[in-house]
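Please examine the sequence and the three-dimensional model shown below. The explanation that follows is meant to be read alongside them.

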Amino acid sequence: MRVLITGGAGFIGTNLADALCRQGHQVTVYDNLSRRGVESNARWLRQEHPQLEFIEGDVRNVADLESACRGVQQVYHLAAQVAVTTSVQDPRSDFDVNLLGTLNLLEAVRRGAPEAPVFYTSTNKVYGGMEDLPVELQGERYAYATLPEGVSEQRPLDFHSPYGCSKGGADQYVRDYARIYGLRTVVFRMSCIYGPHQCGNEDQGWVAHFARCALQGAGVNIYGDGKQVRDILYVEDLVRAFRMAAEAIDRTAGHVYNIGGGPENTVSLLELLSVLEELCGHSIPRSFSDWRPGDQRIYVTNVQSACNDFGWHPEVSRLEGISRLFQWLKSAERVLVG
């Protein structure tokens, strides 16, 4: 099968491209290599899979994107501006990449590969701050007072921050292209994904960022009080969700799925630091700064829809996944990347 992955040299794209190549698919990675660390991912993919096609292209370039999409049989749209902080500093570029870039992709598929399913990686940020949900402090972590299973797809959208607006707008375009034009699209509203090939920093990819700081003996800066909670999902489980949704495309087309680690894989920032201190054998210095705009005290994914529709659920526990990432980062060249 001919598969196109936009943003394919990013963290998730690299893991997905690797899995698809190993399954024998003809994979094209389309990436502008703008993020720090992705060039090393691209080199690794080329070394592991010489048959992989790489196009250095930008989703804002309509002609290049249309050429890349022509005749493909499956599309994973991962290319994005990924940081809330960057969107606040430069909302126009955030809009151009996330919303206009997604529209460019949809039009390219509609014209050049209308039968190809399109899988889009959205974000839990489309639900906004969720200030109406009662949150309580339970020891050293926040918890929902009324949502033990987490946030479902029935939650009203409430974009918060330019990033939330651009990703949320693209999310709705992808969904509507299924209704209006008949494209077979699937939206994944993702929680915190982590794992190998992640070039995390304090703005995005915080699990890998904290793990890298632990290995380097560096301190970390925490925005807020560190008791904020996320459900984390190991990237191997996310790739499996992609593949399972693709295999069930007759059922999943036109749908939106919240994808994350679920209630069983929640962790606060302070809890993650404790786990990493055990793994590295020393304390991790920390400082605290004010909360950032749009930062939620808690977000936990209800994954029941994905389970019901295509039989997916997380398999890698948070402790196993964190340990795997830590071990992967442990070589010197990887510690210094990103």
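The paragraphs below proceed from the overall form to the cores, then to individual helices and residues.

The model is a predicted one. Its secondary structure comprises 13 helices and 15 strands. With a radius of gyration of 19 Å, close to the 20 Å that the globule rule gives for 338 residues, the protein is as compact as a globular protein of that length. Along the principal axes, the C-alpha atoms occupy a box of roughly 55 × 45 × 40 Å. Of the 338 residues, 57% count as buried. The accessible surface amounts to about 13900 Å², and carbon and sulfur atoms contribute 47% of that area. When contacts between residues at least 6 apart in sequence are considered, 83% of them join residues at least 24 apart.

The interior may be considered next. In soluble globular proteins, nonpolar side chains tend to be buried together. Here the largest nonpolar core contains 40 residues, and Ile5, Ile12, Tyr76 and Phe188 are those with the most contacts inside it. Two or more residues of this core come from each of the strands S1 (2-6), S2 (26-31), S8 (185-190) and S12 (255-259), and likewise from each of the helices H1, H2 (38-48), H8 (235-247) and H11 (304-310). A second core, separate from this one, has 27 residues, including Trp206, Ala214, Tyr234 and Ile322.

Helix H1 (residues 11-22) is one of the contributors to the largest core. From its first C-alpha to its last, this helix of 12 residues reaches 17 Å, close to the 16 Å expected at 1.5 Å a residue. Helix H1 is largely enclosed by the rest of the structure, because 11 of its 12 residues are buried. Those buried residues include polar as well as nonpolar names in the list: Phe11, Ile12, Gly13, Thr14, Asn15, Leu16, Ala17, Asp18, Ala19, Leu20 and Cys21. Within H1, isoleucine 12 touches Leu78, Met190, Ile193, Val235, Leu238 and Phe242, when residues up to four places away in sequence are not counted. After H1 comes glycine 24, with a positive phi near 95 degrees.

Helix H2 also gives residues to the largest core. Its buried residues are Val38, Asn41, Ala42 and Leu45. These residues cover an arc of only 100 degrees around the axis, which puts them on the same side of H2. Among the elements that cover them are H1, S2 and strand S3 (53-56).

Which residues of helix H12 are buried? They are Gly321, Ile322, Leu325, Phe326, Trp328 and Leu329. Seen down the axis of H12, these buried residues fall within an arc of 165 degrees, so they line one face of the helix. Ile322 is also among the members of the second core. The length of H12 can be checked as well: at 1.5 Å a residue, the 12 residues of this helix (residues 318-329) should span 16 Å, and the end C-alpha atoms are 16 Å apart, which agrees.

Several individual residues deserve attention. Aspartate 237 is located in helix H8. Is this aspartate buried or exposed? Aspartate 237 counts as buried because its relative accessibility is 1%, where the cut-off for burial is under 20%. Leaving out residues up to four places away in sequence, aspartate 237 touches Trp312, Pro314, Glu315 and Val316. Valine 84, by contrast, lies 153 residues from aspartate 237 in sequence and 24 Å from it in space, C-alpha to C-alpha.

Serine 268 belongs to strand S13 (residues 266-268). At 0% relative accessibility, serine 268 counts as buried. Apart from neighbours within four places in sequence, serine 268 is in contact with Glu140, Arg141, Gly226, Lys227, Gln228 and Val229.

Two loop residues conclude the account. Methionine 130 is found in the loop between strand S5 (118-123) and strand S6 (135-138). Its phi is near 55 degrees, a positive value in a residue other than glycine. Methionine 130 is buried, with a relative accessible area of 5%. Histidine 197 is placed in the loop between strand S9 (192-194) and helix H7 (206-216). Although histidine 197 is not a glycine, its phi is positive, at about 75 degrees. With a relative accessible area of 8%, histidine 197 is buried.

Methods
Residues numbered from 1 in each chain as written. Predicted model: local features only at pLDDT ≥ 70, side-chain atom pairs only at ≥ 80, totals over all residues. Heavy atoms only, no water. Helix = DSSP H or I, 4+ residues; strand = E, 2+ residues; numbered from the N terminus. Expected span 1.5 Å × (residues − 1). Buried < 20%, exposed > 50% of the residue type's maximum accessible area, 1.4 Å probe, protein only. Arc of directions from axis to C-beta. Contact = heavy atoms within 4.5 Å. Core = buried A, V, L, I, M, F, W, Y, C linked by side-chain atoms within 4.5 Å. Rg over C-alpha atoms; globule rule 2.2 N^0.38 Å. Areas by Shrake-Rupley, 256 points an atom, 1.4 Å probe, with all protein chains shown as cover.
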